[in-house]
Amino acid sequence: MTADTATQKSFDIVIIGAGPAGSSAAYTALKKGLSVAIIDKQSFPRDKLCGALFSGRSKQYYTEIFERDLDPEFFGPKTEIEFWMNGQKLSAMDDVPPLYVTMRWDLDHICLKHAIEAGAVDMTGQAVAAIDENESAVEMRDGRRIGYKILIGADGVNSMVARTLYGRAFDHERIGFALEVELDGNHLCPDDPVRIDFAAAKWGYGWWFPKSKTTTVGVGGIHAANPNMKTAMAGYLKTLGVDPDIKKYKGHFLPFGDVRKWPGRGNILLAGDAAGLVDPITGEGIAFAMQSGRFAAEAAFEAMQPGISGEPVHIYRRKLREIHRSLNIARIIRPILSRPSGEKAFEYMFTHSVTLKRQYMELLGGELEYPTILKRVVRKMPQYVMVMLRQKMGKTPPAPA
Ligand SMILES: Cc1cc2nc3c(=O)[nH]c(=O)nc-3n(C[C@H](O)[C@H](O)[C@H](O)COP(=O)(O)OP(=O)(O)OC[C@H]3O[C@@H](n4cnc5c(N)ncnc54)[C@H](O)[C@@H]3O)c2cc1C
């Protein structure tokens, strides 16, 4: 249904942002019988700067939320991955649980279509001017007002909903930033492995994702630690044998360890990047965007049931607890991988430890969570420290398990 045909001016749920978080929220709410309008300032299909590596975790959430399998036309499986650091190949794995590569042009359009087919009122291509918290209404640029019982802000890292609630969309000290280019011509190599380059940017990494029509290449890390990300990107492209001036790079913030403690206020909930839900180690955000969208819709539904007291944001925050815990632990672990003093030891451990590589893949597959990893890291800490000390003394460290 389009907004022009809709006579309704008020909905159970109004969602701002039709990325993976918004469409997941819409679909979930509709399945629960709620009325939903989904607004986006862009018309779809549209591009969004993103590597669009779709992990096993993303596949699991997508399948559960949208009640269907991935369409193979839009999701290319990858079973080979290479890990590099400072121009050296640390390891190659050819039997990893499938990862998928896609394009956000396709992914976001597909998810939005699922939501519209399920009954969402399509208000894409229309911009929001302001939110009237007192009257629970969204004011559109064209002057219309759309009422809501619950508003879900799924409007990305520069979220206007978060700005309305907190005065700013993110913390400049903690936010991540990434640059990316899409390569074609001689650089098309659809059957090549996915490649991750640790330390291609400070407190971050580089990626090379070969797809059927493009190869997506980028670097990302903490913004404050990388005041000149363009230099890091040029260096990375040179390492890959690509002319650094081949194309203009595009940039985008990503909430890479900037988890919002309170994902909203009252009857306004924030989901996906707007709530800071990007893994600070892997940079993965699509999976948590979908899952938080689903949780926001479920929380909204529960809050509307008779006899339920308490604000929707409290119900939602409880549902997010495991994700919050995981991402906060990842923030604690990240310095071990990212501090220059620990880099060499990490390089050594990652090259020699089969367990560490397997755990990284299990993490992407959604089979392992950070609380378990933290326990293992603590157990391995003495070995890690010993590797660091022996390297400092110029001695060969013992082989890790
Ligand atoms: C360079 C880069 C590479 C990445 N690579 C990966 C990767 O390979 N795998 C992975 O899992 N994650 C990756 N991420 C993270 C991932 O892109 C995000 O976590 C994910 O897009 C979050 O989805 P979302 O639905 O919350 O927000 P978004 O996808 O950003 O969608 C937000 C939507 O809100 C709309 N909007 C914004 N403001 C308004 C407004 N005022 N009114 C109406 N609409 C509005 C926008 O138009 C947009 O459509 C990457 C991020 C970056 C920057």
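In this predicted model, the elements that cover the buried residues of helix H7 include strand E11 (145-153), strand E17 (264-265), strand E18 (268-270) and helix H6 (286-304). The domain assignment of the protein chain gives three entries, namely domain 1 (3-52 + 103-170 + 257-319), domain 2 (176-254) and domain 3 (334-392). The points below take up helix H7 and then the interface of domain 1 and domain 2.

**Helix H7**

- Helix H7 spans residues 312-319, and its buried residues are Pro 312, Val 313, Ile 315 and Tyr 316.
- When the helix is viewed down its axis, these buried residues of H7 fall within an arc of 160°, and they therefore line one face of the helix.
- As general background, an α-helix has 3.6 residues a turn, so that residues three or four places apart point the same way.

**Domain 1 and domain 2: placement and contact**

- The centres of domain 1 and domain 2, taken over C-alpha atoms, are separated by 29 Å.
- Contact between these two domains involves 13 residues of domain 1 and 14 residues of domain 2.
- About 1,000 Å² of area is buried between domain 1 and domain 2, and carbon and sulfur atoms give 67% of that area.
- On the domain 1 side, Leu 49, Gly 51 and Met 103 lose the most area to domain 2, and together they account for 49% of what that side buries.

**Domain 1 and domain 2: polar interactions**

- The rule for salt bridges finds zero across the interface of domain 1 and domain 2.
- Across this interface of domain 1 and domain 2, four residue pairs are found in polar contact, with both residues at pLDDT 80 or more.

Notes: Residues are numbered from 1 along each chain as its sequence is written. This is a predicted model: local features need pLDDT of at least 70, side-chain atom pairs count only at pLDDT 80 or more; totals for chains, interfaces and linings use all residues. Side-chain values use heavy atoms; hydrogens and water are left out. Buried means under 20% relative accessible area, exposed over 50%, partly exposed in between (1.4 Å probe, protein chains only). Helices (H or I, at least four residues) and strands (E, at least two) are DSSP runs, numbered from the N terminus. The arc is that of the directions from the helix axis to the C-beta atoms. Contact means heavy atoms within 4.5 Å. Domain bounds come from an automatic or database domain assignment. Buried area is the accessible area (1.4 Å probe) that two parts lose on being put together, summed over both. A salt bridge is a side-chain nitrogen of Lys or Arg within 4 Å of a carboxyl oxygen of Asp or Glu. A polar contact is a pair of N or O atoms within 3.5 Å; within protein, one must be able to donate a hydrogen and the other to accept it, and residues adjacent in sequence count only if both atoms are side-chain atoms.
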